[in-house]
Amino acid sequence: MFNYGGFFTYKDFLQGYHGQDYMGAGQFIFLGFSILAIILISVFWRKASHQKIDVFLKVLAIAIPFLEILKIAIESYYDIKGGHGFNFSGLLPLYTCSLFIYTLPVAAFGKGKARECCLSFLTTLGIFAGLTNFVMAPILNTYPFFNFHTFVSLNFHFWMVFTGIFLMATKYYVPKWSDILKGIIPLAILSVVAIPVNYALSDYYGWSVDYMLYYSGNGAPLLPDLANALANAGLRPEFTGIVFLLYVLIAALIVSIVRFIVHLSKKSKTGKTV
């Protein structure tokens, strides 16, 4: 048994909590309701006007970064107050999912090619990154289900998945083959920052830092073993390159699935191959 404390209880004050809610009932109930909500809203609102979707994106582009900044601020306050210092190895917004807070405002308020690249990311790798963290919910290893930090994390990844699917369901933005490259551009830009941060903090300070999975692949199947094997052979940079290539392949797979669905949809409407 453990003491949940209050909704805003910091991890150091959670007596006896060691990840008991991970893969627990609360997580699966939330996951089930969220999947149902994504399907129902996408179906019933699939004919929403682009003007309404513009408003949706703008509201989300303000709310999501605000909640994320608030979460980081609260966590950092207690980390520093408790003598831990700022958590450079876990709180810097350099995760693949962090791209949601960067691409969303550009998709909502931007124009031109930059906006296209951000919409491409949201409808490809954004769905994948959000879905993996949404389903696995690693936050539950640190915080219980009924906690502010868990609330922000689960909702963050829910909106990440929902936004990408909703944009496609409403035909606001449906990825084309060129979106494989476009969606990778935001990822490549963040990688330019995340990779040196990983290597600097891990190699020079001895901290366990693995933003975007580029250093040790923690939390992903098979990647940690591959990272260790290549690192022992002096090939850590090659591992980083492999992870980036995996992102490209995943983006290509998602676009391929989308284009196949579009093809079937057009074929069913016209009664002939398009």
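Which helix does valine 197 lie in? Valine 197 lies in helix 7. The legends below refer to a predicted model.

**Figure 1. Overall view of the predicted chain, which has nine helices and zero strands.** Read along the sequence, the pattern is α-α-α-α-α-α-α-α-α. The radius of gyration is 20 Å, close to the 19 Å that the globule rule gives for 274 residues, so the chain is as compact as a globular protein of that length. The C-alpha trace spans about 65 × 45 × 35 Å along its principal axes. Of the 274 residues, 43% count as buried. Among contacts between residues at least 6 apart in sequence, 71% join residues at least 24 apart. The accessible surface comes to about 14400 Å², and carbon and sulfur atoms account for 71% of it.

**Figure 2. Close-up of valine 197 and asparagine 198 in helix 7.** Leaving out residues up to four places away in sequence, valine 197 touches Leu92, Leu94, Val209 and Tyr211. The C-alpha atoms of valine 197 and phenylalanine 88 are separated by 9.4 Å, although the two residues are 109 apart along the chain. Asparagine 198 has a relative accessibility of 0% and counts as buried. With the same exclusion of residues up to four places away, asparagine 198 touches Asp203, Val209, Asp210, Tyr211, Tyr214 and Tyr215. Val209 and Tyr211 are thus among the residues touched by valine 197 and among those touched by asparagine 198.

**Figure 3. Close-up of the largest nonpolar core, a set of 51 residues.** The residues with the most contacts inside this core are Leu57, Phe100, Leu104, Leu122 and Leu187. Helix 6 (residues 148-169) gives the most to the core, with seven residues. Phenylalanine 100 is in contact with Leu60, Ile64, Pro105, Phe121, Leu122, Phe156, Trp159, Met160 and Thr163, leaving aside neighbours within four places in sequence. A second, separate core has nine residues, among them Tyr10, Ala137, Tyr143 and Leu154.

**Figure 4. Close-up of the salt bridge between glutamate 75 and lysine 11.** A search of the whole structure finds four salt bridges. In this one the N to O distance is 3.0 Å. The pair links distant parts of the chain, with glutamate 75 in helix 2 (residues 50-81) and lysine 11 in the segment before helix 1 (25-44), 64 residues apart. Are the two partners buried or partly exposed? Glutamate 75 is buried, with a relative accessible area of 6%, whereas lysine 11 is partly exposed, at 27%.

**Figure 5. Close-up of the salt bridge between lysine 71 and glutamate 68.** The closest N and O atoms of this pair are 3.1 Å apart. Both residues lie in helix 2, three residues apart, about one turn of the helix. An α-helix has 3.6 residues a turn, so residues three or four places apart point the same way. Both lysine 71 and glutamate 68 are buried.

**Figure 6. Close-up of the salt bridge between lysine 182 and glutamate 116, and of a salt-bridge network.** The closest N and O atoms of lysine 182 and glutamate 116 are 2.8 Å apart. This pair also links distant parts of the chain: lysine 182 is in helix 7 (residues 179-204) and glutamate 116 in helix 4 (residues 112-122), 66 residues apart. Lysine 182 is buried, with a relative accessible area of 17%, and glutamate 116 is partly exposed, with 27%. Elsewhere, salt bridges that share partners join Lys11, Glu75 and Asp79 into one network.

**Figure 7. Close-up of helix 8 (residues 223-232) and its buried residues.** Leu223, Ala227 and Leu230 are buried. They cover an arc of only 75° around the axis, which puts them on the same side of helix 8. The face turned away from this buried side carries the exposed residues Asp225 and Asn232. Helix 9 (236-270) is included in what covers the buried residues of helix 8. Just after helix 8, glycine 234 takes a positive phi of about 75°.

Definitions and conventions. Residues are numbered from 1 along each chain as its sequence is written. This is a predicted model: local features need pLDDT of at least 70, side-chain atom pairs count only at pLDDT 80 or more; totals for chains, interfaces and linings use all residues. Side-chain values use heavy atoms; hydrogens and water are left out. Buried means under 20% relative accessible area, exposed over 50%, partly exposed in between (1.4 Å probe, protein chains only). Helices (H or I, at least four residues) and strands (E, at least two) are DSSP runs, numbered from the N terminus. The arc is that of the directions from the helix axis to the C-beta atoms. Contact means heavy atoms within 4.5 Å. A salt bridge is a side-chain nitrogen of Lys or Arg within 4 Å of a carboxyl oxygen of Asp or Glu. The radius of gyration is taken over C-alpha atoms; the globule rule is 2.2 Å times the number of residues to the power 0.38. Accessible areas come from the Shrake-Rupley method with a 1.4 Å probe; for residues, only the protein chains shown count as cover. A nonpolar core is a set of buried Ala, Val, Leu, Ile, Met, Phe, Trp, Tyr and Cys residues joined through side-chain atoms within 4.5 Å.
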